[in-house]
Protein chains: 2
Amino acid sequence: MLNKESSGDCTVSTCRAKNRAIKDALDVLNGSWKLQILVSLSEGTKRFKEISREVEGISDKMLSKELKDLEMNQLVTRTVRDTFPPTVEYSVTDHAATLKEVMIALSEWGILHRNKIIGS
Amino acid sequence: MLNKESSGDCTVSTCRAKNRAIKDALDVLNGSWKLQILVSLSEGTKRFKEISREVEGISDKMLSKELKDLEMNQLVTRTVRDTFPPTVEYSVTDHAATLKEVMIALSEWGILHRNKIIGS
DNA sequence: GTAATTAATAACCGATTGGTTAGCGATAAC
DNA sequence: GTTATCGCTAACCAATCGGTTATTAATTAC
């Protein structure tokens, strides 16, 4: 071990591994919508329109696509109810619950960064 | 307060705030490269080519653009040394250090997710 | 009869992401 | 002389991101 660690507790080899893991995570969570959708759903089961109302700015097309992606990655489940105006319910899976730390870290940093830069 | 909280410790109002903060963070960290670059630089000051070698798959064009973005957001500093083959050094700022928790959370989840899904 | 509702999908568009190739300068190695 | 080096930049291209509008079905409200 060298003294490199003092500058950021990241050695050459651990950096590589970290980067691989971060890439894996980002490949699944890419775009600005997925985490927002998951936060919204972490509140409880919701219908398509409810999510679209809560996640400000998202279009139906994107919401539909993102939900499909999330379903494929086993982060969300979809339940269709056989009613007249169609009813489709979405919920987070247990696996999505493991994203809690990521969400907390990101939202805390978002606030920090806004104070530092955006809200100059 | 309602019993909503039991299902995911996220109320309607806290969800909105969380989503705003997450959006702020993602607007700055978007794409699959920025966090990887920051992890690489967290090891210490590096030159352009060193980063490009460490962040697997990134092209010069993208690295150049991403570094510019990071500099604009005060996450990275750029130092030009006046030599013949040009020497440009990049370092993380103190502000970038506050991303530590985000990086840890994301890399841990990346590993978890790979075990769960990708590495079936 | 007309309009609104829900969860999409299709068609079309522009913007962004990201890759590839080529080029610049001055020097050093072959 | 030729080639390689470094940190970009420009030109060109494809794929993706993301928005808008229109359409579908069966039923309710006006």
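**Entry 1: salt bridges between the chains**

I began with R114(A), which forms a salt bridge with D24(B). In this predicted model, the closest N and O atoms of the pair are 2.6 Å apart. I then looked up the count between chain B and chain A, and it is two salt bridges. For polar contacts across the interface of chain B and chain A, I found six residue pairs, both residues of each pair being at pLDDT 80 or more.

**Entry 2: the side of chain B that touches chain A**

I asked which helices of chain B each supply at least two residues of the side that touches chain A. They are α1 (12–29), α2 (34–41), α3 (48–54) and α6 (100–118). Of these, α6(B) gives the most, with 16 residues. I sorted the residues of this side by class and obtained 24 nonpolar, 17 polar and 14 charged.

**Entry 3: extent of the contact**

The size of an interface is often given as the accessible area lost when the parts come together. I therefore looked up the area buried between chain B and chain A, which is about 4,900 Å². Carbon and sulfur atoms give 64% of that area. The contact takes 55 residues from chain B and 54 residues from chain A.

**Entry 4: the sheet of chain B**

I next traced the strands of chain B. Three strands form an open sheet in the order β1-β3-β2, and the pairing is antiparallel. The edge strands are β1 and β2 of chain B, each of which pairs on one side only.

I took the β1 side first. Strand β1 (residues 46–47) and strand β3 (residues 87–92) of chain B pair over two bridges, in the antiparallel sense. Within this pairing I noted that R47(B) stands opposite E89(B), and that the bridge partner of K46(B) is Y90(B).

On the β2 side, strand β2 (residues 76–81) of chain B pairs with β3(B) over six bridges, again in the antiparallel sense. I recorded V80(B) opposite V88(B) in β3(B). How many residues lie between β2(B) and β3(B) in their hairpin? I counted five residues between them.

**Entry 5: the surface near DNA strand D**

I turned to the nucleic acid and listed 20 residues around DNA strand D. Those that come nearest are K61(A), K49(B), R78(B), P86(B) and Y90(B). Of the atoms of DNA strand D that come within 4 Å of the protein, sugar and phosphate account for 69%.

I also checked which elements each supply at least two residues of this surface. They are α4 (60–72) of chain A, together with α3, α4 (60–72) and β3 of chain B. The most comes from α4(B), with four residues. By class, I found eight nonpolar, four polar and eight charged residues on the surface near DNA strand D.

**Entry 6: individual approaches to DNA strand D**

I examined three residues of chain B in turn. For Y90(B), a polar side-chain atom lies 2.4 Å from a phosphate oxygen of DNA strand D; I had already met Y90(B) in β3(B) as the bridge partner of K46(B). For K68(B), an N or O atom in the side chain is 3.1 Å from a phosphate oxygen of DNA strand D. For P86(B), the approach is through a polar backbone atom, 3.0 Å from a sugar or linking oxygen of DNA strand D.

How values were computed. Residues are numbered from 1 along each chain as its sequence is written. Chains are lettered from A and ligands numbered from 1 in the order in which they are written. This is a predicted model: local features need pLDDT of at least 70, side-chain atom pairs count only at pLDDT 80 or more; totals for chains, interfaces and linings use all residues. Side-chain values use heavy atoms; hydrogens and water are left out. Contact means heavy atoms within 4.5 Å. Buried area is the accessible area (1.4 Å probe) that two parts lose on being put together, summed over both. A salt bridge is a side-chain nitrogen of Lys or Arg within 4 Å of a carboxyl oxygen of Asp or Glu. A polar contact is a pair of N or O atoms within 3.5 Å; within protein, one must be able to donate a hydrogen and the other to accept it, and residues adjacent in sequence count only if both atoms are side-chain atoms. Ala, Val, Leu, Ile, Met, Phe, Trp, Tyr, Cys and Pro count as nonpolar, Asp, Glu, Lys and Arg as charged, and the others, Gly among them, as polar. Two strands pair if DSSP finds at least two bridges between them. A residue is near a molecule or strand if one of its heavy atoms lies within 4 Å of it.
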